[in-house]
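Visitor: Please pick one small part of this protein and show it to me up close. Then walk me outward from there, and explain the terms as you go.

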Amino acid sequence: MATDESGPPLLKRIPSGVPGLDAVLRGGFLRGGVFIVQGSPGAGKTILGNQICFHHVATGGRALYVTLLAENHARMLLHIGQLGFFEEAIIPDRLYYISAFRVLEQEGLPAVLHLLRREVQVRGASILVLDGLSAIEESAASSREFKKFIHELQAQAALADCAMLLLTGVSQSSAEHTLVDGVIELHTKLYGRHAERVLQVHKLRGSGYLRGEHSFRITDDGIAVYPRTEALLAHPSVPDKVTGPPISTGVAQLDRIMGGGFPQHSTALLVGPPGIGKTTLGLHFLSECNHDNPGLFFGFYETPAAICDKAKVLGLPLDRLIAEGDVEVVWQPTTEGLLDETCERLVAAIERRGVRRLFIDGVQGFERLAPEPERLSHIFSAFSSEFRGRGISTLYTSEADLIGPVMGLPFSGLSLWGVSCIAEIILVMRYVELRSQLHRMISVLKVRDVEINSALHRFGISGNGIIIEPDSTAAEEILAQAIRQGGYEVPGNQGPVRTPATGHGSED
């Protein structure tokens, strides 16, 4: 057992090698422990057990896979052989498959224990997977005999320093759960017609782990687990940095309105209706990237080709920045996606590029992927803390239906409850209808700890991108004429406009 001079002995672990699972287990399975993996038929238990064995062998270990099912190994390996982790060359020398079905049927539980002890010793296995624990339970003459089998298996595992995984169906009795070192469950949740596979750790002795349900997929490469983002990023991986001078938004007049630009390492939320120019402002923001300050465009609705075409029309150098590796565009469709998989893809792109400017176009994309929308406020709050610690300046966009003033109140349809935990900066774009024209306007509602000019400014979009008027004179005249023109009111049944699905009140 390894030791740490400053604390208690450190328990040795065996990594599972399953993407995301070791993060949930905080490092893997404890050596010499016994763990139950339970789930209904088709949940993925057999794939998980085999994937762990193949990874363990690939890193230099030896593994033993024991079945207690009537199905022969050839049929099981035919299915497993289609997956990316399968490597036939390691069988049977380093990964050995054996059936204990007839031994159990003819000689009973003591003979199975003897077989496992002998094979682990002969094969030098440090991982054993026993597929079909339910057969042991059914064959046991009593609950006491079944518990005795588990207890003696625990002793074997500790003596051989071998981690043992027992695969079984969902048990109605939890008696065996009290005897083992860990319990992992695989199951499927239905959200309407959408099904999502989830993994949950119910118990893990001697170790912390990420609690709750974690989504997973079964792909051509095997199982991939996506830990809950808000649990994975509960504490920033990097301490918050001292900020420096403001960074440019990419629009000179907006920088002047904000007193120099965005504070470094800050998070900004840009709210506005469709088509008003939110994505355009994001492209301005990314146009300030360079080799030392790379950027990332993460969007849900427009492909990279469409984004590049838009930048060309606006005269912004996105193509050049992409070609030089200073900006990456990632498109994430919202069809059949997993929320935590998308969050992982975002964080991976940030780490891969060493991103310093991040533009997330459309928080509603996360909403579409979230079967439980109440999670989003916690995820965005975790993002804000994590990205600030990494030295990233972030700009989100969010859609809101803002057209027309009401009784002189230009933002009467806008609700920003719960945004303070996400963004230090709030910018609002809106349309004002005057006769047959729609006028674009922008205002900076909030920049934390900075004195700002929050007046509305009219702006336009041309071949040079966004042009904001230097003062609010034109905006004031348009609003005054619109009120004199009359006819603006907010339908009572529409309710407030939602911004990033926080569902909480704000102190600001």
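Guide: Let's start with Gln364, which counts as buried at a relative accessibility of 16%. Buried means under 20% relative accessible area, exposed means over 50%, and partly exposed is in between, using a 1.4 Å probe and protein chains only. Gln364 belongs to helix α14, residues 364-369. Helices (H or I, at least four residues) and strands (E, at least two) are DSSP runs, numbered from the N terminus. The Gln364 side chain comes to 3.2 Å from the backbone nitrogen of Glu399.

A word on what you are looking at: this is a predicted model, in which local features need pLDDT of at least 70 and side-chain atom pairs count only at pLDDT 80 or more, while totals for chains, interfaces and linings use all residues. Residues are numbered from 1 along each chain as its sequence is written, and side-chain values use heavy atoms, with hydrogens and water left out.

Now let's step out to a sheet. It is open and has nine strands with mixed pairing, in the order β14-β13-β15-β16-β12-β17-β18-β19-β20. Its edge strands are β14 (327-331) and β20, each pairing on one side only. Strands pair if DSSP finds at least two bridges between them. Neighbouring strands are turned against each other by 25° on average, ignoring direction. Inside this sheet, β12 (residues 267-272) runs parallel to β16, and six bridges join them. One spot to find is Leu269, which stands opposite Tyr396 in β16.

Helices lie against these strands too. Helix α13 lies across β13 (295-299), β14 and β15 (357-361), and runs at about 165° to β13. Helix α16 packs on the sheet as well: it touches β17 (425-434), β18 (437-447) and β19, and its direction makes about 50° with that of β17. Touching here means contact, that is, heavy atoms within 4.5 Å. For the angles, axes are lines fitted to C-alpha atoms (for helices, over the stretch in contact), and values run from 0 to 180 degrees between N-to-C directions.

Next, look at another open sheet of nine strands with mixed pairing, ordered β5-β4-β6-β7-β3-β8-β9-β10-β11. Here β5 and β11 stand at the edges with a single partner strand each, so one side of each has no neighbour in the sheet. Strands β9 (residues 194-204) and β10 (residues 213-219) run antiparallel and are joined by three bridges; Leu199 has His214 in β10 as its bridge partner. Helix α3 lies across β4 and β5, at about 140° to β5. Helix α7 (residues 143-160) crosses β3 (34-39), β6 (127-131) and β7 (163-168), at about 150° to β7.

Let's turn to charged pairs. Side chains of opposite charge can pair when their charged atoms come close. A salt bridge is a side-chain nitrogen of Lys or Arg within 4 Å of a carboxyl oxygen of Asp or Glu, and by this rule there are 21. One of them joins Arg390 and Glu351, at 2.9 Å from N to O. Arg390 sits in the loop between α15 (376-389) and β16 (393-399), Glu351 sits in helix α13 (residues 339-353), and the two are 39 residues apart, linking distant parts of the chain. Arg390 is buried at 19%, whereas Glu351 is partly exposed at 48%.

Another salt bridge joins Asp93 to Arg62, with their closest N and O atoms 3.9 Å apart. Asp93 is in the loop between α3 (73-80) and β5 (95-99) and Arg62 in the loop between α2 (45-58) and β4 (63-67), so this pair ties together parts 31 residues apart in sequence. Asp93 is exposed at 55%, and Arg62 partly exposed at 31%. You can also look for a network of salt bridges linking Arg228, Glu230, Asp340 and Arg375.

Finally, how far can you trust the picture? pLDDT is the predictor's confidence in each residue, from 0 to 100. Its mean for the protein is 87, with 88% of residues reaching 70 or more. Residues 1-5 stay under 50, and residues 487-508 are also below 50. Where pLDDT is low, the predicted coordinates should not be read in detail.

Key:
Polar contact = N/O pair within 3.5 Å; in protein donor to acceptor, adjacent residues only side chain to side chain.
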